[in-house]
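New to this one? Take a look at the chain below, then read on for a quick tour.

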Amino acid sequence: MLEEQLRKIEEEVCSWGDTVHYASVPPIFKKCKGSFLWDNKDQQYLDWQMWYSACNFGYGNKFIIDALKKQLDELPQLACQYLHEDKIILAKEIADITNKTVGMAGRVQFNVGGSSAVEDALKLARNYTNKQFTFAFYGGYHGRTLGATAVTSSARYRKNYGHFGDRAIFIPYPYCFYCFYKMKPEDCNLYCAQMFERLFDTEYFSIIDKQKDPEPGMIIFEAVQGTGGYAKPPEGYFRKIADVCKKYGILMIDDEIQMGFFRTGKMWAIEHFGITPDIIVFGKAFTNGLNPLSGIIARKDLMAHDIWGPGMTHSTFSSNTLGTASGLAVMELIKRENFEEKANHIGEYLSKQLKEIENKYPVIGYVDNLGAAIRVEITYPDGKTPNRELCGKIFDTSLNPNIQASDGKRYGLILDQGGWYKSTFTIAPNLYSTDEELDLGVELFEKIIKKFPQN
Ligand SMILES: Cc1ncc(COP(=O)(O)O)c(C=O)c1O
């Protein structure tokens with residue numbers, strides 16, 4: 001069908017409520033492979049976002065697709081109340097790697113989509129603590145179901161949903177470039193973590209009662225915020241938060257939906273920060289985006305069968321066999337290949353070149369990375385004031401698949417606009433990216449930046 005016809009139908013019958021629709025004219029894609037996408041007119045795009053890290057291991061990854069095809073032939077469907085070997089082994093794989101990496105001996109349960117897994121984590125924590133309230137972070141994103149929205153900080157996303165009862169108590173995340181307290185990480189002495197601890201000083205700060213029993217029973221966080229801008233917390237921050245949580249019996253729910261599965265160079269991003277959470281939530285790259293399977297792993301006592309019994313949560317599709325086959329293939333891939341090395345190489349290789357670009361163009365305020373989670377702050381020429389408008393224009397321009405590259409071909413570049421001010425490019429390349437593909441991305445990115453005035 002002609003593109004104009006498709007767009008007309010889309011305008012008429014598709015809701016825009018289920019997408020962000022950031023691009024003024026979103027491309028219509030028809031093919032993907034490795035690090036690239038092709039649109040209806042066969043125009044090629046390099047993807048620097050990989051579906052918000054749902055596709056860390058490359059589009060059309062043959063190893064995972066083959067496992068899925070095999071499952072299609074053998075056990076493509078099964079009601080979740082019955083068992084199948086893949087479900088059990090997959091849970092064991094997650095339990096083993098979590099024990100090895102963060103020292104948590106846990107049980108695993110599955111669900112569909114990240115937001116539902118977040119709901120499960122919140123329910124589990126409430127069930128265990130008998131408490132309703134949750135701490136969460138400014139800039140945190142946990143999904144769009146009602147519960148997940150209530151612990152997501154954007155007032156726009158939360159408007160009319162989660163304002164009462166369930167709304168989290170939000171605290172500043174240590175996004176040092178845009179520090180909430182306007183301090184400098186060199187000499188702030190983790191002021192934001194100190195302020196968190198201070199909330200527990202007296203009942204008049206609204207958190208504890210006279211017995212020093214806090215009203216909130218849990219804190220939900222992303223070790224590195226995804227949508228919030230890929231900012232990495234300073235050394236010691238999470239250890240300090242964990243100390244306070246331990247002291248007051250607050251469960252730590254680590255949302256690894258976007259940063260898990262080696263985006264930051266580790267299985268779980270929290271590994272960088274030396275603490276053991278009580279619950280970890282995962283999704284996205286768990287199946288390399290081939291199936292919405294998600295899940296949580298929690299301390300065994302939280303999920304003991306007598307206190308978290310059958311049906312505490314349930315979805316018809318929770319341990320669907322196509323999802324578990326893809327998940328098992330991902331776990332196998334992780335054992336066979338060194339994704340820590342791959343992610344670190346990508347991060348170092350790209351950020352070195354992006355920092356050179358930063359030095360040339362005043363509108364690039366800052367470049368940083370943790371593994372292959374790379375961020376570029378777009379600012380006014382002062383190098384500090386966030387420039388959302390320019391970031392949006394660069395984003396739109398990059399989607400035009402007409403950028404001439406030195407290999408003689410033309411490409412578009414897929415970026416994502418995030419951060420507290422929507423002025424940050426959060427860059428997440430395919431973990432199998434070759435150096436040539438990384439060079440191509442840098443070349444395209446610089447060509448786009450050059451088009452805009454620098455003063
Ligand atoms: C950290 C985090 N948590 C939760 C979610 C929600 O996951 P889903 O979109 O699969 O519901 C996302 C999605 O972007 C995410 O990045």
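Here is a short briefing on the domains, the interface, the ligand site and the salt bridges.

This is a predicted model, where local features need pLDDT of at least 70 and side-chain atom pairs count only at pLDDT 80 or more, while totals for chains, interfaces and linings use all residues. Residues are numbered from 1 along each chain as its sequence is written, and side-chain values use heavy atoms, with hydrogens and water left out.

**The two domains**
- The chain is split into domain 1 (3–60 + 338–450) and domain 2 (75–336), with bounds that come from an automatic or database domain assignment.
- Their C-alpha centres, those of domain 1 and domain 2, sit 27 Å apart.

**Where they meet**
- On the domain 1 side, 46 residues are in contact with 37 residues of domain 2 (contact means heavy atoms within 4.5 Å).
- Between them, domain 1 and domain 2 bury about 3,100 Å², with 56% of it on carbon and sulfur atoms; buried area is the accessible area (1.4 Å probe) that two parts lose on being put together, summed over both.
- Phe57, Leu370 and Trp420 are the domain 1 residues that lose the most area to domain 2, together 26% of what that side buries.
- The rule finds two salt bridges across this interface, a salt bridge being a side-chain nitrogen of Lys or Arg within 4 Å of a carboxyl oxygen of Asp or Glu.
- You can also find 19 residue pairs in polar contact across it, both residues at pLDDT 80 or more; a polar contact is a pair of N or O atoms within 3.5 Å, and within protein one must be able to donate a hydrogen and the other to accept it, with residues adjacent in sequence counting only if both atoms are side-chain atoms.
- Strand 11 gives the most to the side of domain 1 that touches domain 2, with five residues (strands are DSSP runs of E, at least two residues, and helices are runs of H or I, at least four, numbered from the N terminus).

**Around the ligand**
- Among the residues around the ligand are Gly113, His142 and Glu222, each having a heavy atom within 4 Å of it.
- Aspartate 255 has a polar side-chain atom 2.6 Å from a nitrogen atom of the ligand.
- For lysine 284, an N or O atom in the side chain is 2.7 Å from an oxygen atom of the ligand.
- Tyrosine 141 uses a polar backbone atom, 3.3 Å from a ligand nitrogen.

**Salt bridges**
- The whole structure has 25 salt bridges.
- One pairs aspartate 368 with lysine 232 (3.2 Å, N to O).
- Another joins glutamate 3 and arginine 7, with the closest N and O atoms 2.9 Å apart; both lie in helix 1 (residues 3–13), four residues apart, about one turn of the helix.
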